[in-house]
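Morning, everyone. I will go through one model today, starting with a term and then moving to charged pairs, cavities and the chain contact.

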There are 2 protein chains.
Amino acid sequence: MHGFFHPHNVAVIGVSQNEDNLGRRISTNLQNFAFHGILFEVGPKGGNLFGRRIYRSVSDIPDRVDLAVILTPASTVPDLLAECGRKGVRWAVIESAGFGEYGSDGRLLEARMREIAAEFGIRFIGPNCIGVVNRHNGLATPFVLLDPTIKPGGVSLVTQSGGVGISVLNVLSSEGLGLAKMASVGNKLDVDENDLLEYLIADPQTEIICMYLEGIRDGRRLMELAGRSTKPILLHKSNIGSAAHGIAASHTAALAADDAVVDAALRQCGIARFRDSETLVLYLKALAMPSLRGNSLAVLSRSGGHAVIAADECELTGFDLARLPQSFLEEIQTLLRANVIRLTNPVDLGDLFDIDVYHDLAARTLAMDAVDGMVFLHTYVASHEAGPSRQLFEHLHVLSRRFAKPVGIYAATEAREIGELKRGLSGPIFSEPSDAVRSLALLRDYRHMTVRERLRPDGPADIERVREVIDRCSHAGRPPLLHEALSVAAAYGAPVAPWMLVDDEDAAAAAAGVLGYPVAMKMVSRDAVHKSDVGGVCLDLADETAVRAACRGMARSLREHVPGARLEGVLLQPMAPPGRELIVGARWDRHFGHVVLVGMGGVFVEVFRDSAMRVAPFCADTVEEMLSELRVRPLLDGARGQEPADIAALTAVVLAVSRLVTDVPAIVELDLNPVRVFPAGSGCLVLDARMTVSDEAALPA
Amino acid sequence: MHGFFHPHNVAVIGVSQNEDNLGRRISTNLQNFAFHGILFEVGPKGGNLFGRRIYRSVSDIPDRVDLAVILTPASTVPDLLAECGRKGVRWAVIESAGFGEYGSDGRLLEARMREIAAEFGIRFIGPNCIGVVNRHNGLATPFVLLDPTIKPGGVSLVTQSGGVGISVLNVLSSEGLGLAKMASVGNKLDVDENDLLEYLIADPQTEIICMYLEGIRDGRRLMELAGRSTKPILLHKSNIGSAAHGIAASHTAALAADDAVVDAALRQCGIARFRDSETLVLYLKALAMPSLRGNSLAVLSRSGGHAVIAADECELTGFDLARLPQSFLEEIQTLLRANVIRLTNPVDLGDLFDIDVYHDLAARTLAMDAVDGMVFLHTYVASHEAGPSRQLFEHLHVLSRRFAKPVGIYAATEAREIGELKRGLSGPIFSEPSDAVRSLALLRDYRHMTVRERLRPDGPADIERVREVIDRCSHAGRPPLLHEALSVAAAYGAPVAPWMLVDDEDAAAAAAGVLGYPVAMKMVSRDAVHKSDVGGVCLDLADETAVRAACRGMARSLREHVPGARLEGVLLQPMAPPGRELIVGARWDRHFGHVVLVGMGGVFVEVFRDSAMRVAPFCADTVEEMLSELRVRPLLDGARGQEPADIAALTAVVLAVSRLVTDVPAIVELDLNPVRVFPAGSGCLVLDARMTVSDEAALPA
């Protein structure tokens with residue numbers, strides 16, 4: 001990848017003298033950014049540009065070429081690429097559009113480009129992209145004119161959309177944030193986002209990596225790369241897809257929609273997801289600050305109103321307001337013009353107008369052990385106090401570095417002045433009190449993301465029994481039935497409620513006698529996806545009469561609801577004791593592979609969607625984290641005199657599923673719902689299960 | 001109020017020639033804004049300023065004075081106010097600090113000021129404020145220098161913090177939004193936010209009213225005024241209070257925290273609440289557009305990436321993407337350089353670079369019946385396309401007005417150019433694709449807020465029975481007990497489960513026989529706030545043996561948990577059939593009076609906090625709206641083969657509580673929880689209740 005960003009000699013192919021020529025704009029960008037290397041223009045009409053000859057072909061260039069930037073009609077690109085290959089070019093940026101995104105002709109061109117690249121050992125970015133920028137050596141290949149005022153810095157960007165890439169550059173520029181490198185991946189025919197990510201993780205000039213992606217090519221590799229990165233990675237994954245999907249076949253599928261999987265996977269590998277550039281900017285400013293050691297902030301404000309707004313935001317983002325020593329607050333009081341202020345944090349500096357005094361107060365506040373970070377809210381009129389205010393801000397940045405504690409600075413002043421602050425200061429500044437606090441909250445939450453080792457958990461794994469079930473279903477050309485799904489769960493150690501499958505009323509009565517009354521009866525039919533919708537579940541059957549009646553009723557009900565449906569039998573279970581009901585499920589995702597979820601089960605499952613999800617495999621520490629994300633967690637821990645639930649038993653079920661989908665990739669969907677969890681020490685029982693399988697699930701996308 | 005904003009002669013009291021003098025800044029503001037009237041400066045040292053004499057006292061002024069602006073030490077203010085009174089001044093802005101906010105001396109001064117104002121018929125704003133601005137006549141009294149580039153316009157502002165007021169002016173200025181009037185209320189000693197609101201609602205120059213309040217003085221009046229307003233009112237109510245309150249005594253109190261009451265009340269009277277100036281700006285831009293007639297948007301974009309981001313935001317904010325006619329999309333296709341685009345909405349204008357064509361496409365899109373609004377995303381480099389791009393934006397604003405449909409325009413360009421667009425265009429522009437969509441969503445949701453008449457609902461109301469219970473408890477010096485709370489609910493027509501209260505084991509056994517097995521038994525004790533925490537609830541007691549054992553167990557358990565506690569008796573109820581459990585509750589709030597809530601009941605009540613709340617009284621249409629806000633609503637309507645719940649019966653219970661707290665203001669808190677709701681036609685039953693009363697609840701704050 002290095003060659004894409006550090007070429008010495010660059011050829012821009014597709015340049016003419018015409019004002020409207022897009023290739024000419026590439027040259028203009030390289031010129032404006034003062035590219036450090038040597039530049040050659042190529043175009044069939046020849047002529048000259050910026051005092052240089054436009055060569056009629058690459059082979060005419062009298063020197064070696066490291067990087068070729070191609071922006072010519074799609075049909076001409078393969079031959080030009082081959083010519084570059086013969087010239088010894090190793091790296092190419094292909095900006096032309098009209099390839100795979102435009103149908104089959106384009107795909108043929110793409111196939112040829114791939115062959116040529118392989119033949120000559122060329123790596124290329126694109127097609128259908130705006131190429132690469134390296135702000136540190138002046139390399140700038142977009143065919144859109146860039147604003148050269150953007151500062152060099154440590155932020156690198158990988159984008160699937162040129163337009164979005166340019167807007168991010170505009171935002172960085174107006175926020176005074178510095179750029180390292182940018183790459184627009186386009187159709188990702190050769191180089192993709194993961195290749196660039198891997199390079200940028202190792203790149204010494206890159207401190208933070210931002211990505212804009214509309215699709216993720218290889219989610220597993222993305223997770224691996226990100227999991228190893230010591231640099232922050234921020235991703236805008238757009239194209240979240242429509243909610244207007246049909247009703248999902250399983251609860252797990254409903255809860256684990258594609259975009260929810262992306263959320264879970266990114267969190268799991270430590271990538272922060274954002275959805276707009278406002279949040280991106282808050283992240284970039286946050287990550288430029290020292291980390292928070294604890295959760296306590298001090299808020300100092302020149303305006304009482306701003307102090308109240310910042311305190312509200314601390315409340316909303318879960319920050320504590322540090323207790324400041326009484327003696328310190330009393331000392332501030334003596335400095336004020338009037339006699340009394342409310343002695344508290346947030347500190348309202350009220351009518352203490354002397355900016356110099358703020359320096360000392362800020363230093364002493366940051367020095368306190370009880371203070372992990374500070375929010376400083378300063379309001380001024382630029383025409384009166386620009387000088388001392390800017391000094392104050394710089395002083396606050398120095399203090400932040402000295403004490404290794406973040407300081408979120410809000411400047412309440414005219415827009416023009418804020419613009420100058422953003423460009424001039426050595427650290428971040430915010431133009432909204434709540435932004436200063438939110439940015440610190442993003443910093444805290446980002447640093448709290450833990451990337452855990454993703455190992456297959458040990459435990460029972462009777463894979464033969466599972467294969468047997470799957471093969472049997474596959475031969476019969478039907479999905480696994482209720483009892484088969486329960487067997488699969490049991491084969492991996494999940495505690496499944498005892499059951500007996502029978503096919504007539506007499507057998508049902510006999511089975512109920514063996515299992516012990518009261519019993520539950522469930523319909524087993526490949527034609528009834530949702531049993532309860534077709535009268536396929538009867539609970540609390542107290543005696544033989546009830547069992548016989550239920551048996552007849554169930555057959556009748558199925559016939560009425562689904563004419564011609566096959567009734568494979570009825571399954572009986574002893575009624576389980578009461579307990580808390582959860583769902584444990586898994587789903588295969590084409591980008592990330594299998595995900596496993598745990599959540600609130602029963603009737604509320606899709607109402608509150610209270611669930612946590614991870615990409616499999618994972619171990620017990622991850623399950624602990626998942627459970628801590630559930631809103632029902634307090635009810636599991638025991639509340640209002642209830643005993644705590646058997647978290648260990650529930651954890652074992654989640655791990656069984658994590659193990660199962662790792663060993664048996666053919667599983668498309670698995671719902672264990674409800675998993676009824678009893679008080680601590682009393683275990684849990686899987687009461688119902690549903691499963692679908694497919695050989696294709698095992699294949700990568 | 002008119003006099004505050006339209007004085008002809010203004011005296012600024014507290015002015016000196018000293019550069020640092022704050023009164024002098026007031027004069028400077030009036031000067032900078034070219035105040036239309038006549039200005040007099042007053043200060044004990046005399047001298048001159050801006051070519052005018054500084055009078056040594058108000059009485060020296062040789063002309064009448066309409067408005068006095070006072071900024072002198074607190075202790076001098078009462079006498080100065082009296083002098084103004086003698087001079088015939090009717091309106092005063094008192095900016096000095098050091099009054100009630102600084103303790104008892106200040107409060108004495110305030111009392112004197114009130115007396116003097118009453119004596120002379122002076123209305124005054126403040127103290128401790130920055131006064132008033134009328135951008136249309138140049139009146140500008142803040143002692144902070146204002147940026148006079150802020151445009152005249154239709155946005156008026158009432159603020160409790162001068163600092164926040166100034167920041168809002170800065171934001172308006174940088175967004176190119178025009179100001180009508182501003183008033184900073186300070187300590188609200190005479191004029192308060194409601195007085196100003198009432199004035200601004202009637203003020204012809206005010207189109208939109210923004211407020212920043214840290215406290216609400218009279219919530220009921222605020223609701224009345226807002227409910228009648230035809231102008232949008234936007235409120236930043238800060239000072240939301242800490243979540244670190246103790247455990248609330250009732251579920252209703254936990255769900256109806258002070259700030260949640262503010263939310264409910266504002267929504268109910270049609271005030272839009274915001275928490276940061278970013279959202280304020282989105283609202284102001286939204287409300288400058290025509291309303292949305294339906295929920296379908298068309299998205300047109302020059303960059304595919306921006307189109308995807310806008311479509312995501314449509315998805316997240318619940319917009320539909322309009323189906324555009326195939327013929328229209330095919331026509332666009334013929335205009336593109338390459339042959340194929342994805343024929344869909346969002347429309348990716350891809351390589352259709354000709355801006356003039358956009359005019360026509362936009363007009364034809366907006367003309368379509370299927371399109372209720374449009375998002376137009378345009379990216380350009382200012383140095384190349386500023387002219388045609390600005391023309392395009394103006395054209396879009398003209399189209400928006402012509403078709404009376406909102407158009408959210410995103411400009412992806414350099415920050416400098418965006419600044420110029422904001423100042424120069426005749427309509428709003430956004431600098432983030434998602435903001436353009438969010439603003440339309442705010443517009444839609446704002447217009448959807450319905451202000452309903454707040455009448456006491458008709459129905460059973462045995463107020464005597466309720467008074468009797470309350471008097472009895474008041475005499476006994478204890479809160480109402482379980483059976484008393486149930487009686488109160490029954491007196492207003494809530495269907496309460498049958499119950500018998502007994503005080504020994506034999507009586508319990510006899511009562512159970514009468515009620516019929518199985519029964520529930522509940523402890524009645526003034527000393528056990530949460531029965532279930534102290535073993536005070538036994539369900540499903542099947543026979544006399546069980547009843548007797550439970551009776552003994554309950555007495556023992558209470559003794560163990562709460563030594564010395566009084567057991568008033570045990571209450572028996574027949575076990576109710578299964579059903580969906582809700583909570584209906586009420587709470588008295590010191591700013592808004594009684595609120596009533598309905599929500600998911602039972603064990604999950606405080607986990608999911610799924611509830612809806614309104615200020616009482618209200619009628620059935622409001623209950624319908626409340627129920628539609630609940631996430632459990634689908635479960636009430638019936639899902640997965642379940643029968644729908646008896647919504648009518650539940651509604652009647654909510655209305656009973658609305659009626660009850662309207663008639664009996666002494667009720668501080670009331671929990672009916674659970675209210676078990678049976679299938680439609682089968683009614684519901686209040687199974688448990690808790691209530692606290694106080695004579696003080698009846699009093700306003």
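A salt bridge, as I use the term, is a side-chain nitrogen of Lys or Arg within 4 Å of a carboxyl oxygen of Asp or Glu. What you are looking at is a predicted model, where local features need pLDDT of at least 70, side-chain atom pairs count only at pLDDT 80 or more, and totals for chains, interfaces and linings use all residues. Residues are numbered from 1 along each chain as its sequence is written, chains are lettered from A and ligands numbered from 1 in the order in which they are written, and side-chain values use heavy atoms, with hydrogens and water left out.

Two more terms before the residues. Buried means under 20% relative accessible area, exposed means over 50%, and partly exposed is in between, with a 1.4 Å probe and protein chains only. Helices (H or I, at least four residues) and strands (E, at least two) are DSSP runs, numbered from the N terminus.

Now the charged pairs. Over all chains, the structure holds 97 salt bridges. Take Arg614(B) and Glu625(B), whose side chains meet at 2.7 Å, N to O. Arg614(B) sits in strand β26 (residues 611-615) of chain B and Glu625(B) in helix α22 (residues 620-629) of chain B, so this pair ties together parts that are 11 residues apart in sequence. Both Arg614(B) and Glu625(B) are buried.

Next, Arg472(A) forms a salt bridge with Glu484(A), with the closest N and O atoms 2.7 Å apart. Arg472(A) is in helix α17 (residues 463-476) of chain A and Glu484(A) in helix α18 (residues 482-491) of chain A, so the pair ties together parts 12 residues apart in sequence. Are the two partners buried or partly exposed? Arg472(A) counts as partly exposed, at 38% relative accessibility, while Glu484(A) is buried at 2%.

A third pair is Arg64(B) with Asp66(B), where the closest N and O atoms are 2.8 Å apart. Arg64(B) is partly exposed, with a relative accessible area of 47%, and Asp66(B) counts as buried at 15%.

In chain A there is also a network of salt bridges, which links Arg267(A), Arg452(A), Arg614(A), Asp621(A), Glu625(A) and Glu629(A).

That takes us to helix α22 of chain A, residues 620-629. Its buried residues are Thr622(A), Val623(A), Glu625(A), Met626(A) and Leu627(A). They pack, with contact meaning heavy atoms within 4.5 Å, against α9 (258-268), β25 (593-600), β26 (611-615), α23 (633-637) and α24 (647-663) of chain A.

On to cavities. On a 1 Å grid over the protein atoms alone, a cavity is a set of points where a 1.4 Å probe fits but cannot get out, and lining residues have an atom within 4 Å of a point. Grid points are joined across faces, edges and corners, and a volume is the space filled by probe spheres set on the points. For the linings, Ala, Val, Leu, Ile, Met, Phe, Trp, Tyr, Cys and Pro count as nonpolar, Asp, Glu, Lys and Arg as charged, and the others, Gly among them, as polar.

How many cavities of 30 Å³ or more does the structure hold? There are four. About 50 Å³ of space lies in the second largest. Its lining is Arg267(A), Gln268(A), Thr450(A), Arg452(A), Arg454(A), Arg614(A), Thr622(A) and Glu625(A), and α9 and α22 of chain A each supply at least two of these residues. By class, that lining has no nonpolar, three polar and five charged residues.

The largest cavity holds about 90 Å³. Residues from both chains line it, including Tyr380(A), Val381(A), Glu414(A), Phe33(B), Leu145(B) and Asp147(B). The lining here has eight nonpolar, two polar and two charged residues.

Last, the contact between the chains. It takes 65 residues from chain A and 66 residues from chain B. Buried area is the accessible area (1.4 Å probe) that two parts lose on being put together, summed over both. Between chain A and chain B this is about 5,500 Å², of which carbon and sulfur atoms give 57%. The count of salt bridges between the two chains is two. In one of them, the side chains of Arg438(B) and Asp276(A) meet at 2.5 Å, N to O.

Methods:
1 Å grid on protein atoms, 1.4 Å probe; cavity = no way out; pocket = protein on both sides within 12 Å on 5 of 7 lines; lining within 4 Å.
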